[in-house]
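Me: Please take a close look at one part of this structure with me, then carry on from there. I am new to this, so explain the terms as you go.

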Amino acid sequence: VNPSLHILGISGSLRRGSFNSNALRAARELALDSVTIEIADLSDIPLYNQDEEQQLPASVVALKRRIRAADAILVATPEYNYTIPGVLKNAIDWTSRPYGDNSWDGKPAAILGASTGAIGTARAQYDLRKIFVNLNVFPINRPEVMIANAASRFDAAGKLTDEQTRDFIRQLVANLAAWTRRLALASEQPLTR
Ligand SMILES: Cc1cc2nc3c(=O)[nH]c(=O)nc-3n(C[C@H](O)[C@H](O)[C@H](O)COP(=O)(O)O)c2cc1C
C-alpha cells in the first residue's frame with residue numbers, strides 16, 4: 001500500500017562540516033522507514049560550459065541519472081549573498097540541459113536551508129522556488145524549514161540537536177513523501193525507477 005520512496009538529497013555546500021549537508025543527514029535519519037534518502041556529492045561537477053553539452057562530463061551524466069531515478073528531490077541550500085550558492089546553481093544548470101533533456105522535469109521536491117544568519121536562507125529559498133518554475137519542479141510549500149543561527153543547533157560532531165528543527169525536518173520529509181505519492185497517483189505513474 002505504501003511503496004518505498006527514494007529521495008535524492010542535494011546540498012548546495014561543499015564545505016566539510018556544512019550545516020546544510022548535516023541537515024540532510026538529519027533528514028535521512030528522521031525519514032519514515034518507507035523512505036530512503038541518498039545524498040549526492042556535487043564536488044566533482046565542473047563549471048558549466050555549453051560547448052560540452054554534446055558530450056557531457058561523466059559526473060554530470062551520473063548526477064542527471066540519479067535525479068531522474070529519484071522519486072523526489074530534497075534540496076538543502078545555503079544562502080550566499082542573498083541567493084543560492086553558485087555550486088548549486090551550476091549543478092542545476094548542467095542537469096537541466098541539454099535543451100529537451102531537463103532531468104528535473106515533473107519532479108516533486110522539498111527545500112530546506114541552514115544559515116549562520118538570522119534569516120535562515122529565506123531569500124535563497126524563494127530564489128530556488130523561482131528556478132523550480134522553469135525546471136517544472138513541484139515543491140511542497142510547508143513547512144518552510146529555514147534554520148537560522150545554525151551554529152547553535154548542531155553539536156561539534158555535526159548532529160542536529162535542536163528538537164524543534166528536528167520536528168520541522170521530520171514533517172518536511174513526511175509531507176514530501178505524501179506529496180510524491182499524491183502526484184504519482186494523479187498521473188497514474190508507478191513509483192519505480
Ligand atoms: C560567500 C558567502 C556569502 C554568504 N552570504 C550569506 C547571506 O547572504 N545570508 C546568510 O544568511 N548567510 C550568508 N553567509 C553565511 C552562511 O550562512 C554560512 O557560511 C553557512 O555556514 C553556509 O552553509 P554551510 O554551513 O552549509 O556551508 C555567506 C557565506 C559565504 C561564504
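Reply: Let's begin with the second largest pocket, which holds about 210 Å³ of space. That volume is the space filled by probe spheres set on grid points, joined across faces, edges and corners. A pocket here is an open set of points on a 1 Å grid over the protein atoms alone, where a 1.4 Å probe fits, with protein on both sides within 12 Å along at least five of seven lines; lining residues have an atom within 4 Å of a point. Before going on, note that this is a predicted model, in which local features need pLDDT of at least 70 and side-chain atom pairs count only at pLDDT 80 or more, while totals for chains, interfaces and linings use all residues. Residues are numbered from 1 along each chain as its sequence is written, and side-chain values use heavy atoms, without hydrogens or water.

Now look at the walls. The lining has 14 residues, and those nearest the pocket's centre are Ser 13, Leu 14, Ser 21, Arg 25 and Asp 41. By type, the lining holds four nonpolar, six polar and four charged residues (nonpolar: Ala, Val, Leu, Ile, Met, Phe, Trp, Tyr, Cys and Pro; charged: Asp, Glu, Lys and Arg; polar: the others, Gly among them).

Ser 13 leads us on to the ligand, since Ser 13 is also among its closest residues, together with Arg 15, Ser 18, Asn 20 and Ser 115. In total, 14 residues surround the ligand, each with a heavy atom within 4 Å of it. This shell consists of four nonpolar, seven polar and three charged residues. Three side chains are worth finding on your screen. Ser 18 has a side-chain N or O atom 2.6 Å from an oxygen of the ligand. For Asn 20, a polar side-chain atom sits 2.8 Å from a ligand oxygen, and for Glu 79 the partner, also at 2.8 Å, is a nitrogen of the ligand. The protein covers 73% of the 620 Å² of accessible area that the ligand has on its own (Shrake-Rupley method, 1.4 Å probe).

Next come some loops, lying between helices and strands (DSSP runs: H or I of at least four residues, E of at least two, numbered from the N terminus). In the loop from α3 (86-95) to β4 (108-114) you will find Ser 103. Ser 103 counts as buried because its relative accessible area is 1% (buried is under 20%, exposed over 50%, partly exposed in between). Its side chain makes a polar contact of 2.8 Å with that of Lys 64 (a pair of N or O atoms within 3.5 Å, where one can donate a hydrogen and the other accept it; sequence neighbours count only if both are side-chain atoms). Pro 98 belongs to the loop between α3 and β4 too, and the peptide bond leading to Pro 98 from Arg 97 is cis, with omega near -5 degrees.

The loop between β6 (145-147) and α5 (163-186) contains Leu 160, which is buried because its relative accessibility is 2%. Leu 160 and Leu 24 are 136 residues apart along the chain, yet their C-alpha atoms are separated by 9.8 Å. Asn 149 also lies between β6 and α5, and has a positive phi, near 45 degrees, without being a glycine. With 39% relative accessible area, Asn 149 is partly exposed.

Conventions
Buried < 20%, exposed > 50% of the residue type's maximum accessible area, 1.4 Å probe, protein only.
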